[in-house]
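Good morning, and thank you for joining this session. Please look at the chain as it appears on the screen, and I shall then go through selected features in turn.

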Amino acid sequence: SNSFCTLLAMAAPDASSSPLADNPRFVAKRRKRVLTLNARSLKDKIAGYDELSGQRGDVPEVVVEDEDPAACERDDPHEYWMWLARRIRDRYNDYDGFVILQGIDTMCNTASMLAFLFENLGKPVALTGAVSTVSASQSDWRRNFVLSVLYASGTLAGAGDTCEVVIVFAEQVFRGVRAILESTSAMQPFSSPKFPPLATMHGHRLIIEPGRYLRAPTGPLIAHLEVKLPEILLLTVTPSVSERAITQLVNNSRARALVLLAYGAGNVPFANPTVVRVAQQADARGMVVVVQTQVRRGSVELGVYYTSGPLSQFAVSAGDMTVEATVAKLKYLLGRQLWSKSDIKVLLQRSLRGELTEAPEVRSRL
């Protein structure tokens, strides 16, 4: 199973006398340990990894914090995301970085949601896992885990500049809000078609791509644990879409936003106005209507083609955001309950966590 659901954190070395102690990002505290409660097999494996041997001075100490199994198995992913955010916030000053292990199926969802829940994140939060089961002799688990630990701790040269949520998998580092899952079997199941990887391993070297990291924050970490994450409705546009079916779906939904997965650059069937009509009804009910695309590359550009013209009158473009980032961003913006609907539509077009390529004219509108 890929459902590891275990949080690991790399402890900083005890070096209060170091000249780095005045650096606010340098943690000069005693190495901390947390006993593993329900992942003893993982603890045994980690303890046997020579790459993370406690006898070596150039590797971090790995502290495994095990979570209550009931919390990990909850049906509501919102509870799981908040649990992760709370654990990281509570231990933020004690560690240099964090690694979250979980199944690959929802890794992009978790990475995107955590990215928005954290404001002024100044340390790496790395998600990783495995395509093969941990017990398999050919499993990719060990390599992915070790690289994630070294990356998140800043041990690898250049990795210490990371101030964001990332996915570390198969020797590549992706921005969490830009990654998508594109394979169920390939040893590299993730890609980032609209934004290149942040870093790639070449041999024993980590090649950092200059200018791709987010800037280091100037303020303290803020974890938005007060956010009540709302429901978001996704609707895939098809040629044979039923107006009755989708009308009932929208009218019976408690969702605060509607995400249309349209064709190409945001196009919908023109001869049959069903989708536009239902989207207008959703907008009139107060829902934020966002137009996404079903294609992996490119961006939504409403109004470029006449088939998206009607939507451009009331809906907002998702730009080049992933579906996972779009949903997470909507949950975050709506859940904070600070902005009007019109302001949220503008904020959706602004890059808050590096999730989209911002149009030049957007920033002046809010």
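In which loop is T106 found? T106 sits in the loop between β3 (95-101) and α4, where helices (H or I, at least four residues) and strands (E, at least two) are DSSP runs, numbered from the N terminus.

Before going further, I should state that this is a predicted model, in which local features need pLDDT of at least 70, side-chain atom pairs count only at pLDDT 80 or more, and totals for chains, interfaces and linings use all residues. Residues are numbered from 1 along each chain as its sequence is written, and side-chain values use heavy atoms, with hydrogens and water left out.

To return to T106, this residue is partly exposed, with a relative accessible area of 43%. On this scale, buried means under 20% relative accessible area, exposed means over 50%, and partly exposed lies in between, with a 1.4 Å probe and protein chains only. The C-alpha atoms of T106 and P77 are separated by 9.7 Å, while the two residues are 29 apart along the chain.

I turn now to the helix α4, which comprises residues 107-117. How do α4 and α8 pack? Their angle is about 35 degrees, and their axes are 9 Å apart. Axes here are lines fitted to C-alpha atoms, for helices over the stretch in contact, and angles run from 0 to 180 degrees between N-to-C directions. The crossing of α4 past α8 is right-handed; that is, the near helix is turned clockwise from the far one by less than a right angle, whereas an anticlockwise turn would make a crossing left-handed.

On the α4 side, the residues that meet α8 are C108, N109, S112, M113 and F116. Their counterparts in α8 are E324, A325, A328, K329, K331 and Y332, with contact meaning heavy atoms within 4.5 Å. By class, this contact of α4 with α8 has six nonpolar, two polar and three charged residues. For that count, Ala, Val, Leu, Ile, Met, Phe, Trp, Tyr, Cys and Pro are nonpolar, Asp, Glu, Lys and Arg are charged, and the others, Gly among them, are polar.

C108 is also buried, at a relative accessible area of 2%, and C163 is buried at 5%. The structure holds zero disulfides, a disulfide being a pair of cysteine sulfur atoms within 2.5 Å.

The next helix to consider is α5, residues 141-153. Is α5 largely enclosed or exposed? Eleven of its 13 residues are buried, so α5 is largely enclosed by the rest of the structure. Among the buried residues are W141, F145, L147 and Y151. The end C-alpha atoms of α5 are 18 Å apart, in agreement with the expected span of 18 Å, which is 1.5 Å times one less than the number of residues. Just after α5, G154 takes a positive phi of about 85 degrees.

Two residues that are not glycines also have a positive phi. A170, at about 50 degrees, is found in the loop between β6 (165-169) and β7 (172-175), and is partly exposed at 29% relative accessibility. Q337, at about 55 degrees, lies in the loop between α8 (323-336) and α9 (341-347); Q337 is exposed, with a relative accessible area of 61%.

Finally, L249 belongs to helix α6 (residues 243-251) and is partly exposed at 40%. Leaving aside its neighbours within four places in sequence, L249 is in contact with L233 and L235. The C-alpha atoms of L249 and L233 are separated by 8.9 Å, with the residues 16 apart along the chain.
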